[in-house]
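Please look through the sequence and the coordinates below before reading on. The paragraphs that follow go from the whole chain to a single strand and the loop beside it.

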Amino acid sequence: MLIISADNAMKGRFFRALFALAWLCFIHSPLFAAGVANVDPLKIEEKLLPGETKEGVIHVTNSQKEVMHLKVYVHDWSYSDPDGSKNFAPPGLFPLSCSQWIHLYPDHVTLPPGGSQDIRYTISAPPDARGGYHSVIFFENLLGQSEKKT
């Protein structure tokens, strides 16, 4: 999961994208048993002018003994009141989302044991970007498509 937040700086001329990576994985789910890849960097911070585009790379490594098939995608997220838990939704549903500004390539990867892959992202701020925005990028292990290496 890649969390992106953007806020206004320098009198509305910049917005900031903050990336924090983590895996969508729950201790009692089959995903946990399937293993977790390493994601680097865990945090990326970008400053963009309205209308500006920046590119970057997220490096994913499979440290498990199974082949991993990953789906990479963007979603909206927000904190819910009053408990502070996160809510996730498809791109563009939350008012302060920047999900539609983000493009990923590739959006599906297969990682052999010990293998790695670069995921390229492009974030393009619209010309009228002002204020704070946020999104999340998920790295989802496609269950049932992992193969054990013998």
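**From the whole chain to one strand**

In this predicted model, 41% of the 150 residues of the protein count as buried, where buried means a relative accessible area under 20%. The accessible surface of the protein comes to about 8,300 Å², and carbon and sulfur atoms account for 54% of that area.

As for secondary structure, the protein holds 1 helix and 13 strands, and their order from the N terminus on is β-β-β-α-β-β-β-β-β-β-β-β-β-β, with the helix placed after three strands and followed by the others. If one takes the contacts between residues at least 6 apart in sequence, 68% of them join residues that are at least 24 apart.

One strand can be followed residue by residue. In a regular strand the side chains alternate between the two faces of the sheet. Along β9 this alternation can be read directly, since I102 and L104 point to one face and are buried, whereas H103 and Y105 point to the other face and are not buried. The partner to examine here is β11, spanning residues 116-124, which pairs with β9 in the antiparallel sense over 4 bridges; within this pairing, the buried L104 stands opposite Y121 of β11.

What is the geometry of the peptide bond from Y105 to P106? That bond is cis, with omega near -5°. Y105 belongs to β9, which covers residues 102-105, while P106 lies in the loop between β9 and β10, the latter strand covering residues 108-111.

Technical notes: Residues are numbered from 1 along each chain as its sequence is written. This is a predicted model: local features need pLDDT of at least 70, side-chain atom pairs count only at pLDDT 80 or more; totals for chains, interfaces and linings use all residues. Side-chain values use heavy atoms; hydrogens and water are left out. Helices (H or I, at least four residues) and strands (E, at least two) are DSSP runs, numbered from the N terminus. Buried means under 20% relative accessible area, exposed over 50%, partly exposed in between (1.4 Å probe, protein chains only). Contact means heavy atoms within 4.5 Å. Accessible areas come from the Shrake-Rupley method with a 1.4 Å probe; for residues, only the protein chains shown count as cover. Two strands pair if DSSP finds at least two bridges between them.
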